[in-house]
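The report below moves from an enclosed space to an open one, then to a few secondary-structure elements and the overall build of the chain.

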Amino acid sequence: MTLALGVDTGGTFTDAVLIRDEREVIASAKALTTRQGLAIGVGNAVQAVLEQSGVAPGDIGLAALSTTLATNALVEGQGGRVGLIYVGFDPRDLNRHGLEDALKGDPVLFLGGGHDHAGQEAAPLDVSALLAWLETHSDVSAFAVAAQFATRNPAHEAEISELLREKTGRPVSCSHHLSARLNGPKRALTALLNARLIGMIDRLIGRAEDRLRELGILAPMMVVRGDGALIGAEMARERPIETILSGPAASIVGASWLTGARDALVSDIGGTTTDVALLRDGRPKIDPDGARVGPFRTMVEAVAMRTSGLGGDSEVHFESEGLEGGLSLGPRRLVPVSLLAHDAGDLVHRALEEQLRRSTPSDMDARFVRRVDGLEPLGLSARDLAVFERISGLHPVSEVLKSRMEVSALRRLQERGYIQIGGVTPTDAAHVLGLVDAWDCKAAETALGLFGRRRGGSGNMLAPEAHVLARMIIDQLEEQTSLALLETAFAEEGAQFDAAPEVLARHELLRAGLSRHQGLIRIDARLNTAVIGLGASAASYYPAVGEWLGCDMILPEHAEVANAVGAVVGRITMRREGTVTSPTEGLFRVHGDDGPKDFNDSGAALAHLEALLRAQAEADARASGAGDVQISTLRDVKQSAVEGRDVFIEAVITVEASGRPRIADDLS
């Protein structure tokens, strides 16, 4: 009998499952994710499944972790302060691929150096300028290094990385380690986001491993990558960017395993995001252009997924324009008031009642803030640091801020992950309507009562009673979920339509068709595929979504822990990619990690590169714990016909090494 433990750490809940012989779920449990100590939530969930199943910890042969932590951080704009070393580029290149937005004001050094497309040095590396810059820019959590044509020759990135580690001891993300493709600014963006995530993912994996050992689970730990495959924990620590969409990818794998479905849209609602992807022929569709999360398109191979900042804990916004006002949800996550009151009831109820006694409503009503312990604040301005130092335990926001000018400081602290903000969310609305009864319903009702006092242009209150506002919030959640599904469907239809998916999903004719309009013209529209609804709250919200879209809505057993299921039924898959170019006729250049190597014969060059990539991919797979490794190779050779003969232009070789993880007994 083989026992495998799957754990998924989401923005709100940490899930755990035990699967026997890769065939049946024998236990599942949920625990609150604890941002101040991620191992607490992991330990609570794992302990619960151990008690539920009666399984001895030492009998577990494999542990695997999926997480939405990296995805949520990028959607919410969170992560550590980083420094970007940009070699051979100029400031204009920051305007490409959203790189300047991703920097968020963090320091960047434009450094002389880099190579040309053939891998030859274009300019000497300016080491003295780097050393001078480091003297005044050491207040970062990690560095990202991107050099021009580093995939053709990584020498400058490697030299800078070694120097940075020696001088600072901080983690370094090199762009050529994350992608073998050209496009320097896009690789720089990927390296920057990777560096921003390193500390966060390292803490999660390290503390999770420690907690499992404390519980007596000695099995090796895997981590789910963004394409649904598994990688070893050490590689995930070095390349956390590869875990973006980890949780959603695991949910797609889990959805297929739980339902046996071959073709469907899979929609997974969590606390922070809703992730929609296509399951085709039993496999998740992979995005050939790289994973997109929020506004950023990376070079990470991952499931083709549309991720929106919409979840059970999404921030509820009051839209004051128009006579009556309205609501929108997301993209940031708040801690639900009902949960805050569950943990600190007296403080929360006292603050809410005091705000209720005031005759004038405020946008600070029902808003709370608390510090995330254990993080060192780096690179904060004097104003931001002053606000941060006023936050110790849990406080109403109105007691922390001394002026409206400090609201932006609070937002920046939240984006850096130093604090959590609490407020009204769909989860609170679900408590008021009786859809959920997990935490403090009375606090949720009072908070919604305060929020509903806000007035639109007509002067009328948004909602006279808490349950009226709660219904408005849930309706908005269901509408935005439906739009997310329609946008994904239209994106898949692609070239058949001229307009963008976002425009088509909101078109008035489509809305008329979904409501089955019948007049002089009859309009009928529906989603022409099944939807598999996943997530703890899917059963509460998704039946109405399926009804509105006119499609089959599948809500499988264990849907609430599908991510954790998917974490342990996947395979370890490692890919390596390399290029052979021909800088001059009769010369064939292999571009590898150790720099360019020249051959006089194209066949010899291709054979050398393939052997190199096969060895690297197999070593990566075995280092991650794969057994019975299978290797496949894809050659993409580009040639051009010139004067009746084929002339070699370029070749790209991709090698994939794959195998199921070895269980603990196999490793002894």
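## Cavity, pocket and packing

In this predicted model, the lining of the largest cavity is made up of E315, V316, L334, D365, A366, R367, V424, F451 and R454. The space inside the largest cavity comes to about 40 Å³, and the structure holds one cavity of 30 Å³ or more. Sorted by class, the residues lining the largest cavity are five nonpolar and four charged, with no polar residue among them.

The second largest pocket has a volume of about 680 Å³. Its lining comprises 35 residues, and those lying nearest the centre of the pocket are G199, M200, R203, L375 and R416. Helix α7 (184-214) and strand β24 (419-423) each supply at least two residues of this lining, and α7, with eight residues, gives the most. The classes in the lining of the second largest pocket are 14 nonpolar, nine polar and twelve charged residues.

Two helices may be set side by side, each with its buried residues, the arc they cover and the elements they meet.

| Helix | Buried residues | Arc of buried residues | Packing partners |
|---|---|---|---|
| α4 (127-134) | L130, W133, L134 | 100 degrees | including β5 (82-87), β6 (108-111), β7 (142-147), α5 (155-168) |
| α12 (382-389) | D384, V387, F388 | 100 degrees | β22 (368-371), α13 (397-400), α14 (407-415), β24 |

For helix α4, the buried residues are L130, W133 and L134; viewed down the axis of α4 they fall within an arc of 100 degrees, so they line one face of the helix. The cover over these buried residues of α4 includes the strands β5, β6 and β7 together with helix α5.

In helix α12, D384, V387 and F388 are the buried residues, and because they cover an arc of only 100 degrees around the axis, they sit on the same side of α12. The exposed residues A382 and E389 are carried on the face of α12 turned away from its buried side. The buried residues of α12 pack against β22, α13, α14 and β24; of these, β24 also supplies at least two residues to the lining of the second largest pocket.

Which residues does H395 touch, when those up to four places away in sequence are not counted? H395, which lies in strand β23 (residues 394-396), touches R367, F368, V369, R390 and V400. One of these, R367, is also among the residues that line the largest cavity. With a relative accessibility of 17%, H395 counts as buried, since the cut-off for buried is under 20%. H395 and V348 are 47 residues apart in sequence, while their C-alpha atoms are 8.6 Å apart in space.

For the protein as a whole, the secondary structure comes to 23 helices and 31 strands. The radius of gyration is 26 Å, close to the 26 Å that the globule rule gives for 668 residues, so the protein is as compact as a globular protein of that length. The C-alpha trace spans about 85 × 65 × 55 Å along its principal axes. Of the 668 residues, 57% count as buried. Among the contacts with a separation of 6 or more, 68% are accounted for by residues 24 or more positions apart.

How values were computed: Residues are numbered from 1 along each chain as its sequence is written. This is a predicted model: local features need pLDDT of at least 70, side-chain atom pairs count only at pLDDT 80 or more; totals for chains, interfaces and linings use all residues. Side-chain values use heavy atoms; hydrogens and water are left out. Buried means under 20% relative accessible area, exposed over 50%, partly exposed in between (1.4 Å probe, protein chains only). Helices (H or I, at least four residues) and strands (E, at least two) are DSSP runs, numbered from the N terminus. The arc is that of the directions from the helix axis to the C-beta atoms. Contact means heavy atoms within 4.5 Å. On a 1 Å grid over the protein atoms alone, a cavity is a set of points where a 1.4 Å probe fits but cannot get out, and a pocket is an open set with protein on both sides within 12 Å along at least five of seven lines; lining residues have an atom within 4 Å of a point. Grid points are joined across faces, edges and corners, and a volume is the space filled by probe spheres set on the points. Ala, Val, Leu, Ile, Met, Phe, Trp, Tyr, Cys and Pro count as nonpolar, Asp, Glu, Lys and Arg as charged, and the others, Gly among them, as polar. The radius of gyration is taken over C-alpha atoms; the globule rule is 2.2 Å times the number of residues to the power 0.38.
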